[in-house]
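Reader: I would like the reasons behind a few labels in this structure. Please set each value against its definition.

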Amino acid sequence: MTKFRVPAMRSRVIPLTMLAILAAAPLAPAQQRKAQLPKSVRLYVFDCGSLNIPDISPYQLKKEEIATTTMSVPCFLVAHPKGTLIWDTGAVPDTQFKSGGAPATLRYATTVKPLKDQLAQAGYVPADITYLSLSHFHWDHIGNANLFAGATWLVRKPERDIMFADPPSPRTEPANYGALNKSKTVIITKDDYDVFGDGSVVIKSTPGHSPAHQVLFLKLAKTGPVLLSGDLYHYPEERKLNRVPTTEFNAAQTAASRAAVEAFLKKSGAQLWIQHDFTANAKLKKAPEFYD
Ligand SMILES: [Zn+2]
């Protein structure tokens, strides 16, 4: 396990105005934050908007084969007795909201609620977050990554490399995650990465959609096991009709990852939550309600 550490002496320059704000609103003491951690694992689902897909042909699906062309964009917070994990951060950064409450947009994404506000309603601020992990580097998953630059970033090397490649990939928005460059970082090398060491929150390697795409397995006491898909599938019909998009990083890897996940779902009895499945996502409880 390789760790990137910010050299201790490279202190950040804080503008005077920021210092004034910090002085006026001191951060909650560490003990108070610990008190927010639940006794058993909780999963919060945030509404991070939707995608108005301009052309579905790359998904190898026809309009008449799918229920809707719109995709949902959820973000997730896992609260564990030992810490917290943010999984995917939406498409549109909170900074895109203008005063007046109008929806914020980026490319073909629209969102109506800042992630920070939704997080606050669940009882957390970004500084409370222990870990950040992204299913993959595409623009519609990294929108608010900069909010969590103070967390420890759990990432695989091929994915981190492509995020900071020069020139950048057109499939992402480097400005929206640039601050992660200096985050405390854990490079994941195992296929399965057990975040809190008790098997309840496990990041699983599923390459293909992107070089080191990953999914998240959760063991929830009442809900049962759940697997968050990342973009292993987008439309639920991809799964039903066995279609692989033409725009995958490596379609053969996607097929292999899908086969491995389907076998894992059978074995574990986990539900698969396809993150971009608009119809299924609409039925999920949203924060501050949670699954446990
Ligand atoms: Zn996506």
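Reader: Where does N242 lie?

Author: N242 is in the loop between α5 (236-241) and α6 (251-268); helices (H or I, at least four residues) and strands (E, at least two) are DSSP runs numbered from the N terminus. The model is predicted, so local features need pLDDT of at least 70 and side-chain atom pairs count only at pLDDT 80 or more, while totals for chains, interfaces and linings use all residues. Residues are numbered from 1 along each chain as its sequence is written, and side-chain values use heavy atoms, with hydrogens and water left out.

Reader: Why is N242 called exposed?

Author: Its relative accessibility is 62%. Exposed means over 50% relative accessible area, buried under 20%, and partly exposed in between (1.4 Å probe, protein chains only), so N242 counts as exposed.

Reader: What is notable about phi of N242?

Author: Phi of N242 is near 55°, a positive value in a residue other than glycine. Most residues other than glycine have a negative phi. Phi of D88 is also positive, near 70°. D88 lies in the loop between β4 (83-87) and β5 (104-106) and has a relative accessible area of 0%, so D88 is buried.

Reader: How do you know that C48 and C75 form a disulfide?

Author: The S to S distance is 2.0 Å. A disulfide is a pair of cysteine sulfur atoms within 2.5 Å, so C48 and C75 are joined by one. The pair links distant parts of the chain, 27 residues apart: C48 in strand β2 (residues 42-52) and C75 in strand β3 (residues 70-80).

Reader: What makes the disulfide of C48 and C75 left-handed?

Author: The torsion about its S-S bond is about -125°, so the disulfide is left-handed. As for burial, C48 has a relative accessible area of 6% and is buried; C75, at 1%, also counts as buried.

Reader: Why is Q214 called buried, and which side chain does its own side chain meet in a polar contact?

Author: Q214 has 2% relative accessibility, so Q214 counts as buried. Its side chain makes a polar contact with the side chain of R156 at 2.7 Å. The cut-off is a pair of N or O atoms within 3.5 Å; within protein, one must be able to donate a hydrogen and the other to accept it, and residues adjacent in sequence count only if both atoms are side-chain atoms. Q214 is found in strand β12 (residues 214-220).

Reader: Which peptide bond involving P167 is cis?

Author: The bond joining D166 and P167 is cis, with omega about 0°. P167 is in the loop between α4 (157-163) and β9 (185-187).
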